[in-house]
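Hi,

Here is the model I promised to pass on. Have a look, and my notes follow underneath.

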Amino acid sequence: MTAIRGAGQLVFGSSSPDCDEIGPFSSWRFAKLGFVSLNGTNVIGLGYSGKTVRLNANVRSSFLNPIKAMEDSTTASFTNTNDCAAAFSSGENLHQMLTVRKSTNIAWHKSSVEKFDRQELLQQKGCVIWITGLSGSGKSTLACTLSRGLHLRGKLTYILDGDNVRHGLNSDLSFKVEDRAENIRRIGEVAKLFADAGIICIASLISPYRKDRDACRALLPEGDFIEVFLDVPLQVCEARDPKGLYKLARCGKIKGFTGIDDPYEPPLNCEIVLQQKGGDCVSPSDMAETVISYLEEKGYLQA
Ligand SMILES: Nc1ncnc2c1ncn2[C@@H]1O[C@H](COP(=O)(O)OS(=O)(=O)O)[C@@H](OP(=O)(O)O)[C@H]1O
Ligand SMILES: Nc1ncnc2c1ncn2[C@@H]1O[C@H](COP(=O)(O)OP(=O)(O)O)[C@@H](O)[C@H]1O
């Protein structure tokens, strides 16, 4: 087991990082999904063929200074949803426009009790630990072990597990690319609220697209989104197959299963990589300790 600390990234595990995309779609250029804000109108948008909509966010006050959609180096800016719709529909290979913000005439109400006060009370800093990886990579196990470890240290956590949230808030969403994007967007927004409450929010979901994860990162202040990649090879996940889903996917009974006939894009520059390769098995508690050490070092376990 090794822990390698690079520029802002912690790699921990039994082998070297493998950043290849997983699955038969790995060489595709997918339409890029993300959250695009258009002069106060938040839209989950997409890139046109081969072009990427990039996010440029003022993360501390995103409700006042919305995220701007940038295509290449040009900022896309729209004054109303009609302009936006026209712009999107005129693009070639338009796949889908997902959610247009419909709330108007709304104002932000400040409270006399702020994040700072809540953090003082809790003696910790609110943040989001975003665990991404294939089904069966150990996300839920790590989330629970981490939550327990922090709880024992007197720290308040809350887990947002993809599977669990899909039982309620996100029960209307499928595993189509745009529904996954909406699933991740909603969980990102909820996680942001938890972090604002001063809580260490642990989000564990496949979140297979970089763009969706990056859009969630852009919702939070610098440093408060800690992306943890469970780098476990497909073969290992498939051998585990605790729910029998890989077996169903292999025989075509589940379509669009991540890693089988749906893509997974590994993070390129996340904060922590936890590797599980070859015969060496890193235990969930060792993995959790790595994350806790990171939080300690970055000052999240004190106000
Ligand atoms: N098509 C397909 N692809 C991937 N996963 C599938 C699919 N259908 C059902 N499941 C089950 O749903 C869990 C993943 O939900 P997530 O919300 O984490 O997925 S995503 O982030 O929206 O991609 C995932 O749970 P985990 O195994 O805990 O990852 C699966 O149990
Ligand atoms: N670090 C680990 N080493 C070995 N097995 C693990 C580890 N973490 C999880 N597992 C096992 O792998 C399977 C999938 O774990 P789970 O947490 O449900 O993954 P995910 O939430 O990513 O689908 C479970 O059977 C679990 O016991």
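**Around ligand 2**

There are 15 residues around ligand 2 (near here being a heavy atom within 4 Å), and Gly136, Lys139, Ser140, Thr141 and Val282 come nearest. Bear in mind that this is a predicted model, where local features need pLDDT of at least 70 and side-chain atom pairs count only at pLDDT 80 or more, while totals for chains, interfaces and linings use all residues. Residues are numbered from 1 along each chain as its sequence is written, chains are lettered from A and ligands numbered from 1 in the order in which they are written, and side-chain values use heavy atoms, with hydrogens and water left out.

By type, the shell splits into five nonpolar residues (Ala, Val, Leu, Ile, Met, Phe, Trp, Tyr, Cys, Pro), two charged (Asp, Glu, Lys, Arg) and eight polar (the others, Gly among them). Helix α3, residues 139-152, gives the largest share of that shell with three residues (helices are DSSP runs of H or I, at least four residues; strands are E, at least two; both numbered from the N terminus).

Now the polar contacts (pairs of N or O atoms within 3.5 Å). Glycine 136 has a backbone N or O atom 2.7 Å from an oxygen atom of ligand 2. Two nitrogen contacts are worth a look: a polar side-chain atom of arginine 240 sits 3.4 Å from a ligand 2 nitrogen, and a backbone N or O atom of valine 282 lies 2.9 Å from a nitrogen atom of ligand 2. Taken alone, ligand 2 exposes 560 Å², and the protein buries 75% of that (Shrake-Rupley areas, 1.4 Å probe).

Cheers

Terms used: Polar contact = N/O pair within 3.5 Å; in protein donor to acceptor, adjacent residues only side chain to side chain.
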